[in-house]
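Notebook open, model loaded. I want to go through confidence, then the sheet and its helices, then one helix on its own.

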Amino acid sequence: MADRDFKAALYGEFSRIGAALASERRLEMLDVLAQAPRYVDAIAAETGLSVANASQHLQVLKDARLVASERHGTRVRYRLADEAVLRLWLALRDVGASRLQEVAALARSRNLGEFGGDATTLDELRRLHAAGEVVVLDVRPREEFEYAHLDGALSMPVDEIAERLDELPRDRPIVAYCRGVYCTFAEEAVSLLRAHGFQVSRTEDGWAEWLGGQRLTRPRATPRRRGAAASAP
């Protein structure tokens with residue numbers, strides 16, 4: 001194969017990934033699947049699509065080898081193909097946050113990312129939890145917690161917190177985490193628990209960032225708080 005033909009074929013293959021990512025719906029699906037595998041109907045409900053439309057988008061992602069599927073009877077469950085896909089999504093999101101002012105504006109419109117010194121890094125959270133100094137609260141939907149979660153975390157979906165306040169200690173700080181910096185679950189949990197007198201904060205990141213092992217650009221102008229991350233295990 002001539003050099004020009006080789007390069008045309010090579011970059012043509014790479015472009016399949018770019019084409020699959022060139023949809024806000026498919027990016028949202030990757031974000032959802034970063035938390036846990038899901039059946040098509042659950043993905044459709046999460047993203048506000050019909051099952052047929054969701055299936056079409058998922059097929060595009062599957063054709064690009066970004067997601068994989070398995071059949072359970074008449075139902076099909078999708079998952080990210082591997083951790084490299086998760087890192088790709090997180091990197092794309094990081095570049096968007098660092099290069100696009102519109103991302104920061106959107107985050108501010110939802111009061112996201114303006115944590116300042118009140119946030120806890122995930123590395124610091126692990127250290128504090130290992131020392132028994134904090135209670136770790138996972139406020140994502142239960143199915144996501146059951147699939148995977150931070151060691152020792154207590155599952156309390158944000159829509160259950162108001163009815164389960166008596167399960168939480170008042171003698172130790174609570175740190176809530178959710179899907180990531182653009183997820184509102186932890187912010188809602190913090191507001192609710194503070195209104196009831198609990199000492200609570202949230203993490204800067206979420207499950208996907210922890211799993212992907214990345215430290216991403218925050219959608220804010222203030223410096224990132226490092227805390228004790230350098231000495232964390």
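**Confidence.** I began with the scores, since this is a predicted model. Ranking the elements of the protein chain by mean pLDDT, I get helix 10 at the bottom with 78 and helix 4 at the top with 98. The chain as a whole averages 86, and 88% of its residues score at least 70. I flagged residues 214-233, where the pLDDT is below 50. Even so, that stretch makes 54 contacts in the model beyond near neighbours in sequence.

**The sheet.** In what order do the 3 strands of the open sheet lie? I read it as 1-3-2, with antiparallel pairing. Strand 1 and strand 2 are at the edges with a single partner strand each, so each has one side lacking a neighbour in the sheet.

Next I went through the pairings. Strand 2 (residues 67-72) and strand 3 run antiparallel and are joined by 6 bridges. Strand 1 (residues 38-39) pairs with strand 3 (residues 75-80) over 2 bridges, also in the antiparallel sense.

Which residue of strand 3 is the bridge partner of Arg38? I found Tyr78 there. Tyr78 also turns up as the bridge partner of Ser69. Glu70, for its part, stands opposite Arg77 of strand 3.

I then looked at the hairpin of strand 2 and strand 3. It has 2 residues between the strands, and Gly73 takes a positive phi near 65° in it.

**Helices on the sheet.** I checked what lies against these strands. Helix 2 (residues 24-33) lies across strand 1, strand 2 and strand 3, and runs at about 85° to strand 3. Helix 4 (residues 51-63) packs on the sheet too, where it touches strand 2 and strand 3. I noted about 120° between the direction of helix 4 and that of strand 2.

**Helix 7.** Which residues of helix 7 are buried? In this helix, residues 122-130, I list Leu122, Glu124, Leu125 and Leu128. Why do they line one face? Looking down the axis of helix 7, I see the buried residues fall within an arc of 150°, so one face of the helix carries them. This fits the general pattern: an α-helix has 3.6 residues a turn, so residues three or four places apart point the same way.

What covers those buried residues? I count among the cover strand 4 (135-138), strand 6 (174-177) and helix 10 (207-212). Helix 10 is the element with the lowest mean pLDDT, so I mark that part of the cover for a second look.

Last entry: just after helix 7, Gly132 takes a positive phi of about 70°.

How values were computed. Residues numbered from 1 in each chain as written. Predicted model: local features only at pLDDT ≥ 70, side-chain atom pairs only at ≥ 80, totals over all residues. Heavy atoms only, no water. Buried < 20%, exposed > 50% of the residue type's maximum accessible area, 1.4 Å probe, protein only. Helix = DSSP H or I, 4+ residues; strand = E, 2+ residues; numbered from the N terminus. Arc of directions from axis to C-beta. Contact = heavy atoms within 4.5 Å. Pairing = 2+ DSSP bridges. Axes fitted to C-alpha atoms, helices over the stretch in contact; angles between N-to-C directions. pLDDT = per-residue confidence, 0-100.
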